[in-house]
Amino acid sequence: MGKIKIPETMTVAVLNAYEGADAISIERRPVPKPGRDEVLVKVAFSPINPSDLATLKGHYGFKDPTPIVPGGEGAGEVVAAGPGFMANYFLGKKVACAGWGAGGGVWSEYVVKSVKGGVLPLKKSLSFEQGAMSIINPLTAMAFIDISKKGAHKAILLTAAASSLGKMVNNLGRKEGIQVVNIVRRDQQVELLKAQGAEIVLNSNETGFEERLHDVCYQTNTRLAFDAVAGELTNQVLNAMPQDSKVLVFSALSQQKVQVSPDQLIFENKMLDGFWLGPWMSNQNVLKIIQLWKRVQKQIPNHLKSEVRKIYPIQEVKEAIHEYTRQMTRGKILLKMS
Ligand SMILES: NC(=O)c1ccc[n+]([C@@H]2O[C@H](COP(=O)([O-])OP(=O)(O)OC[C@H]3O[C@@H](n4cnc5c(N)ncnc54)[C@H](OP(=O)(O)O)[C@@H]3O)[C@@H](O)[C@H]2O)c1
């Protein structure tokens, strides 16, 4: 990659209050300088994820005082390095960067990131577009399969299954011989997943859904569920599964509180827990993370690929968010940083 001239100022999307997309302004700010063990990344693309929407409303796990720069992940090129061997190693490399930790979100033309967890090297053959979506969903899909295998589950249940993540979990499930019981909320999503090879897809808005779900869970011996919706659906899922089952809630797309009947917990020995990628990764050893990252990159062109619906310049971030929220299933919206 050629030497890039670093400008004095850059374009940044700034969230001024936890009030959603309308509270975002586009600003010019000085380009930050990397310190020890830090690199400066010229960000190429960043997706809009459900976690970004939650962040904009102050409903995510991080809630720094505003103004903040949002953007949970992205990809770009390292164009400057602070002192330190690792920082120098990354200079000129294509990287995926995480929006968490020091340096903040990545909806910014340039971002400073720590080499200790803030950037991950990307294979040259991967596009910046796919690289920008290589951390959150691909690693979560890998984590779900890892958790399922550790518990010797031959079948798992997934809600909001027509999502980008859902398609990845289905692809990996097929590869690993794990049956996925998919729950979606519309008939078009049933057709979409079936066209992609899913065998079991139920529509939660269809009459008789709960009875059908119960039958399917017993027939397939599904005792582990990953729930992205929360609200009443969590209870329906927990009720449908056999004794000793567990639901891991990993998002709250319904924006409702989880509802659970205490009988299920007390008399059926069922369990309810949460999943968040960051802490899950922190609990893995370095060797495992390196292996996971290698596998993710290898599988991004096929099993872990994200569909892109449209690319917007960062200046049009508000329109991009409105387009994304109109219907999330139709693919990811990417923000182009410059
Ligand atoms: N905890 C973690 O560490 C972690 C990590 C990765 C992802 N996640 C979560 O995983 C989920 C999927 O992420 P993604 O990036 O793959 O999403 P995505 O591709 O943007 O798709 C979102 C999906 O959710 C559906 N949906 C939205 N609101 C819903 C509701 N109230 N009830 C049922 N379905 C609903 C959408 O359907 P429509 O088209 O009908 O809107 C769409 O199919 C998100 O909730 C995200 O926050 C969590």
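**Exercise 1. The two domains**

How many residues of domain 1 are in contact with how many residues of domain 2? Describe the boundary between the two domains in this predicted model.

*Solution.* Begin with the assignment: domain 1 comprises 9–133 + 306–336, and domain 2 comprises 136–279. Next, count the pairs across the boundary: 12 residues of domain 1 are in contact with 10 residues of domain 2. The side of domain 1 that touches domain 2 is then sorted by class, giving four nonpolar, six polar and two charged residues. Finally, take the C-alpha centres of domain 1 and domain 2, which lie 29 Å apart.

**Exercise 2. The shell around the ligand**

Determine which residues, helices and domains make up the shell around the ligand.

*Solution.* First, the residues: the ligand is surrounded by 25 of them, and the closest are Ser163, Leu165, Ser251, Leu277 and Thr329. Second, the classes: 13 residues of the shell are nonpolar, 10 are polar and two are charged. Third, the helices: at least two shell residues come from each of helix H1 (50–56), helix H4 (136–150) and helix H5 (164–176). H4 gives the most, with three residues. Fourth, the domains: domain 1 and domain 2 each provide at least three residues of the shell.

**Exercise 3. The packing of H4 against H11**

Characterise the crossing of H4 and helix H11 (residues 286–299), and list the residues that make the contact.

*Solution.* Start with the geometry. The axes of H4 and H11 come within 10 Å and cross at roughly 115°, and the crossing is right-handed. Then turn to the residues: H4 contributes Pro138, Leu139 and Met142, while H11 contributes Leu292, Arg295 and Val296. Sorted by class, the residues of this contact are five nonpolar, no polar and one charged. H4 also takes part in the shell of Exercise 2, where three of its residues are found.

**Exercise 4. Unusual backbone geometry**

Locate the cis peptide bond between Thr66 and Pro67, and examine the positive phi values of Asp37 and Ala230.

*Solution.* Step one concerns omega. The peptide bond that joins Thr66 and Pro67 is cis, with omega about 5°. Pro67 is placed in the loop between H1 and strand E4 (73–81).

Step two concerns Asp37. Its phi is near 60°, a positive value in a residue other than glycine. Asp37 belongs to the loop between strand E2 (24–30) and strand E3 (38–47). Asp37 counts as partly exposed because it has 16 C-beta neighbours inside 10 Å.

Step three concerns Ala230. Here phi is near 65°, again positive in a residue other than glycine. Ala230 sits in the loop between strand E11 (224–227) and helix H8 (232–240). Why is Ala230 classed as buried? Ala230 has 21 other C-beta atoms within 10 Å, and the threshold for a buried residue is 20 or more.

**Exercise 5. Sequence separation and distance in space**

For Gly274, Pro121, Gln188 and Ser338, set the separation along the chain beside the C-alpha distance to a chosen partner.

*Solution.* Take Gly274, in strand E13 (residues 271–274). Gly274 and Val249 are 25 residues apart along the chain, and their C-alpha atoms are separated by 4.7 Å. Beyond its neighbours within four places in sequence, Gly274 is in contact with Leu248, Val249 and Phe250. Gly274 counts as exposed because it has 12 C-beta neighbours inside 10 Å; the limit for an exposed residue is 12 or fewer.

Continue with Pro121, in strand E7 (residues 119–121). Lys310 is 189 residues from Pro121 in sequence and 25 Å away in space, C-alpha to C-alpha. With neighbours within four places in sequence left aside, Pro121 is in contact with Lys93 and Val95. Pro121 is partly exposed, with 14 other C-beta atoms within 10 Å.

Gln188 is found in helix H6 (residues 187–195). The C-alpha atoms of Gln188 and Asn16 are separated by 37 Å, with their positions 172 residues apart along the chain. Gln188 is partly exposed, as 14 other C-beta atoms lie within 10 Å.

Last, Ser338 lies in the segment after strand E15 (332–336). Ser338 and Asn283 are 55 residues apart along the chain, and 36 Å separates their C-alpha atoms. Ser338 counts as partly exposed, with 13 C-beta neighbours inside 10 Å.

Technical notes
Residues numbered from 1 in each chain as written. Predicted model: local features only at pLDDT ≥ 70, side-chain atom pairs only at ≥ 80, totals over all residues. Near = placed C-beta within 6 Å. Helix = DSSP H or I, 4+ residues; strand = E, 2+ residues; numbered from the N terminus. Nonpolar A, V, L, I, M, F, W, Y, C, P; charged D, E, K, R; others polar. Domains from an automatic or database assignment. Axes fitted to C-alpha atoms, helices over the stretch in contact; angles between N-to-C directions. Left-handed = near helix turned anticlockwise from the far one by under 90°. Contact = placed C-beta atoms within 7 Å.
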